[in-house]
Amino acid sequence: MITEFLLRKRLEDYLSHTKDQNTLYVTDLVRCPRKVKYESEYKELAINQIYEPSTLLGDLVHMGLEGLLKDHFNAEIEVEKEKEVQALGKPYKIKGKADAIITDKGEKIVIEIKSSRSDRGIPHLHHKLQLQIYLWLFEAKRGILVYITPDRITEYEINEAMDDSTIIRLVEDTITLRSSPRFEWECKYCIFSVLCPFKKT
């Protein structure tokens with residue numbers, strides 16, 4: 001009963017996310033461009049990912065901490081925003097959803113929540129880049145990256161928004177499939193590595 005509900009809800013949430021050709025999510029800009037492409041071309045493989053217990057666990061951690069932030073810090077939860085940039089002669093929308101935004105003495109603080117199997121190597125570069133893009137998107141000067149792992153719960157402040165030129169470069173990399181993968185470790189965890197000619201071994 002509960003398992004069925006959780007998996008059905010996860011599938012419904014996944015299928016509800018649709019984007020047009022000239023829209024990119026913040027997360028698209030910090031991961032392998034080819035994976036972004038394959039997710040639209042091989043939807044059956046992409047859907048398989050939503051049934052991974054580790055990703056479901058991550059969702060539940062997010063929901064729990066977001067609820068606490070809302071109750072105790074009066075945070076706005078799952079805040080969506082989009083901005084338009086020009087790249088390769090076309091307009092592209094960058095869409096993102098911040099886990100939480102806290103306003104403290106008039107200052108906007110963007111909160112990004114991450115769950116991980118280990119605390120090795122945190123904070124991860126792609127997570128820092130993601131939060132920097134959120135700071136750019138929400139025009140905020142302060143962000144907090146919160147990690148919840150079996151080893152520790154900790155947070156890191158990121159106080160520098162990404163600049164426009166770096167955003168545009170990331171958009172161009174994603175569109176043209178440059179920098180595939182962005183990080184060598186991505187292939188190890190990618191469901192599309194079974195068919196990708198650019199897999200790093």
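Pro181 sits in the loop between α6 (164–176) and α7, and the peptide bond that leads into Pro181 from Ser180 is cis, with omega near -5°. This is a predicted model, so please read every value here as computed from it. Below you will find the backbone features, the cysteines, a surface patch and a pocket.

**Backbone features**
- For context, most peptide bonds are trans, and most residues other than glycine have a negative phi.
- A cis peptide bond also joins Ile122 to Pro123, with omega near 0°.
- Pro123 belongs to the loop between β4 and α5 (125–138).
- Asn74 is not a glycine, yet its phi is positive, at about 55°.
- You can find Asn74 in the loop between α4 and β2 (76–87), where its relative accessible area of 69% makes it exposed.
- Lys105, not a glycine either, has a positive phi of about 55°.
- The loop between β3 and β4 holds Lys105, which is exposed with a relative accessible area of 83%.

**Cysteines**
- If you are setting up bonds, note that the structure holds zero disulfides.
- A disulfide needs two cysteine sulfur atoms within 2.5 Å.
- For Cys187, the closest cysteine sulfur is that of Cys196, and the 6.3 Å between them is too far for a bond.
- For Cys190, the closest cysteine sulfur belongs to Cys32, and at 6.5 Å this pair is too far apart for a bond as well.
- Cys187 counts as buried, with 10% relative accessibility.
- Cys190 counts as buried too, with 17% relative accessibility.

**Nonpolar surface patch**
- Tyr42, Val194 and Leu195 make up a nonpolar patch on the surface, and together they have about 270 Å² of accessible area.
- Within this patch, Val194 counts as exposed because its relative accessibility is 70%, and exposed means over 50%.
- Along the chain, Val194 falls in the segment after α7 (186–189).

**Second largest pocket**
- The second largest pocket has a volume of about 250 Å³.
- Its lining consists of 14 residues, and those nearest the pocket centre are Leu69, Phe73, Ile102, Ile111 and Ile144.
- One helix appears among the elements that give two or more residues to this lining, namely α4 (53–73).
- The strands that give two or more residues to the lining are β3 (90–104), β4 (107–115), β5 (142–148) and β6 (153–158).

Notes:
Residues numbered from 1 in each chain as written. Predicted model: local features only at pLDDT ≥ 70, side-chain atom pairs only at ≥ 80, totals over all residues. Heavy atoms only, no water. Buried < 20%, exposed > 50% of the residue type's maximum accessible area, 1.4 Å probe, protein only. Patch = residues over 30% accessible without salt bridge, like charges linked within 9 Å, V, L, I, M, F, W, Y side chains within 5 Å. Areas by Shrake-Rupley, 256 points an atom, 1.4 Å probe, with all protein chains shown as cover. Salt bridge = Lys/Arg side-chain N within 4 Å of Asp/Glu carboxyl O. Helix = DSSP H or I, 4+ residues; strand = E, 2+ residues; numbered from the N terminus. 1 Å grid on protein atoms, 1.4 Å probe; cavity = no way out; pocket = protein on both sides within 12 Å on 5 of 7 lines; lining within 4 Å. Points joined across faces, edges and corners; volume = space filled by probe spheres on them.
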